[in-house]
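Morning, everyone. Please bring up the model on your screens, and I will walk you through a few places in it.

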Amino acid sequence: MNTIKHFLFIGIILFAVSCKKDSTTERTDKTTDTYLDDKEEFELQILNKMDTDMRTLYTQNQENKGSMKAAISYNGQLCPDSPEVDGAVKNSINSIDQMDYWSFYGIAGSLVTVDVTRLSCGMDPIAWVFEGTAATSEDVSALPFVAAGDDDVAPPEVCDGTCFAWYDPNFSFVLPNTGYYTVRVADFASCGYDPLSYQITLTGNICDSDGDGCNDDEDPHPNSIMDATVVIDGCDSGVDNVFVTSCSTMSDLIADCAASANNHGQFVSCVASLTNDWKSDGLISGKEKGKIQSCAAGSNIP
Ligand SMILES: [Ca+2]
Ligand SMILES: [Ca+2]
């Protein structure tokens with residue numbers, strides 16, 4: 001960069017810094033992003049805040065498809081209000097395949113907020129959310145784009161006066177479908193050196209969809225049937241539908257019998273096996289066992 005360009009670049013940064021400091025000095029909550037919903041517009045915002053050299057490098061990296069095909073691994077599943085810290089993310093301008101990946105599970109219609117706070121002051125975090133999970137960085141880019149955030153809230157005060165003053169991501173969106181999502185985190189226009197660390201926190205109805213204390217990725221019934229009593233094909237046994245294990249209710253296990261049975265006899269036999277166990281374990285009385293069996297026998301399952 002020649003001297004004039006250099007001062008022009010610094011001048012633009014200082015101008016940007018002064019504008020931001022005047023407008024926002026505290027962390028603020030935002031509801032749904034509207035202006036960031038469009039992926040291309042978001043990319044444009046990114047490009048616009050780069051100087052020429054950085055933009056050229058970024059574009060070259062984007063065009064280098066080979067570096068986008070790196071196999072990825074997920075750092076873990078994000079759960080609400082449970083901050084996770086990672087320090088492995090690299091400067092993505094120089095190595096665009098060095099991004100961080102997290103997953104979360106959520107149900108359609110949930111409002112989810114992603115907050116990324118830099119712990120290394122030299123970092124400039126940026127985050128994207130895609131629907132689904134994938135095995136390579138290129139495959140992630142091909143997933144449906146959901147939302148992204150970049151310069152949304154001020155970095156921790158301790159970082160004032162260091163490096164660039166680009167802000168940290170804090171953005172909200174509504175989940176279009178029930179299932180797993182990918183959160184991709186990268187460093188962008190940092191002045192720091194690897195590794196750059198950050199804290200990521202998600203809030204919203206994610207991770208433990210049925211609220212039974214078992215995270216979805218370990219819950220054999222992530223959407224447990226929580227009816228007050230055991231109901232089979234409309235027949236209410238009147239027996240309390242309790243958790244048989246920490247993650248599954250009686251009705252969950254009866255539903256499993258319904259799903260796996262090839263004929264009605266198999267279903268009734270499968271339920272009988274369950275109720276025998278529950279009676280032995282003292283969960284139900286002999287009379288209650290009879291009520292559940294009666295409902296199973298009278299059902300049209302399968
Ligand atoms: Ca659960
Ligand atoms: Ca469950």
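Start with the spacing of the donors at the calcium ion (ligand 1): along the chain they follow D-x1-D-x1-D-x1-C-x4-D. Bear in mind that this is a predicted model.

Now put names to that pattern. The calcium ion (ligand 1) is coordinated by Asp208, Asp210 and Asp212, each through OD. Cys214 joins through O, and Asp219 through OD. The range is 2.3 to 2.4 Å. Where do Asp208 and Asp219 sit? Both lie in the loop between strand 8 (196-203) and strand 9 (229-232), so the pair ties together parts that are 11 residues apart in sequence.

Buried or exposed, for Asp208? Asp208 is buried, with a relative accessible area of 17%. The cut-off for buried is under 20%, so 17% qualifies. Asp219 counts as buried too, at 5% relative accessibility. Asp212 is likewise buried.

Next, the calcium ion (ligand 2). Its coordination runs from 2.2 to 2.8 Å. Asp210 and Asp212 each give OD, and Asp219 is listed twice through OD. His221 contributes O, Ser224 contributes OG, and Cys247 contributes O. Here the spacing along the chain reads D-x1-D-x6-D-x1-H-x2-S-x22-C.

How far apart are the calcium ion (ligand 1) and the calcium ion (ligand 2)? They lie 3.9 Å apart, and Asp210 bridges them.

Let's move to strand 8 and look at a residue inside it. Leu202 is found in strand 8. Leu202 is buried, with a relative accessible area of 0%. What does Leu202 touch, once its neighbours within four places in sequence are set aside? The list is Leu78, Cys79, Pro80, Asp81, Phe104, Val112, Thr113 and Val114. Take Thr113 from that list. Leu202 and Thr113 are 89 residues apart in sequence, yet their C-alpha atoms are 5.6 Å apart in space.

On to the helices. Helix 6 (residues 264-280) packs with helix 7 (residues 286-298) at an angle of about 165°, and their axes are 10 Å apart. That angle makes helix 6 roughly antiparallel to helix 7. The crossing of helix 6 past helix 7 is right-handed.

Who makes the contact? From helix 6, we have His264, Phe267, Val268, Val271, Ala272, Thr275, Asn276, Trp278 and Lys279. From helix 7, we have Gly286, Lys289, Ile292, Gln293, Ala296 and Ala297. How do the residues of this contact divide? Eight are nonpolar, five are polar and two are charged.

Helix 6 and helix 7 come up again with helix 5 (residues 250-260). The buried residues of helix 5 are Met250, Ser251, Asp252, Leu253, Ile254 and Cys257. What covers them? The cover includes strand 9, strand 10 (235-240), helix 6 and helix 7.

One last stop, Asp151. Asp151 is in the loop between strand 5 (145-149) and strand 6 (170-174). Its relative accessible area is 24%, so Asp151 is partly exposed. Asp151 and Ile46 are 105 residues apart along the chain, with their C-alpha atoms separated by 9.9 Å.

To close, go back to the two ions. The calcium ion (ligand 1) and the calcium ion (ligand 2) are 3.9 Å apart, and Asp210 coordinates both.

Terms used. Residues are numbered from 1 along each chain as its sequence is written. Chains are lettered from A and ligands numbered from 1 in the order in which they are written. This is a predicted model: local features need pLDDT of at least 70, side-chain atom pairs count only at pLDDT 80 or more; totals for chains, interfaces and linings use all residues. Side-chain values use heavy atoms; hydrogens and water are left out. Donors are N, O and S atoms within 2.8 Å of the metal (3.2 Å for Na, K and Ca); water is not among the atoms, so sites may look incomplete. Helices (H or I, at least four residues) and strands (E, at least two) are DSSP runs, numbered from the N terminus. Buried means under 20% relative accessible area, exposed over 50%, partly exposed in between (1.4 Å probe, protein chains only). Axes are lines fitted to C-alpha atoms, for helices over the stretch in contact, and angles run from 0 to 180 degrees between N-to-C directions. Angles under 35 degrees count as roughly parallel, over 145 as roughly antiparallel, 65 to 115 as roughly perpendicular and the rest as oblique. A crossing is left-handed if the near helix is turned anticlockwise from the far one by less than a right angle, and right-handed if clockwise. Contact means heavy atoms within 4.5 Å. Ala, Val, Leu, Ile, Met, Phe, Trp, Tyr, Cys and Pro count as nonpolar, Asp, Glu, Lys and Arg as charged, and the others, Gly among them, as polar.
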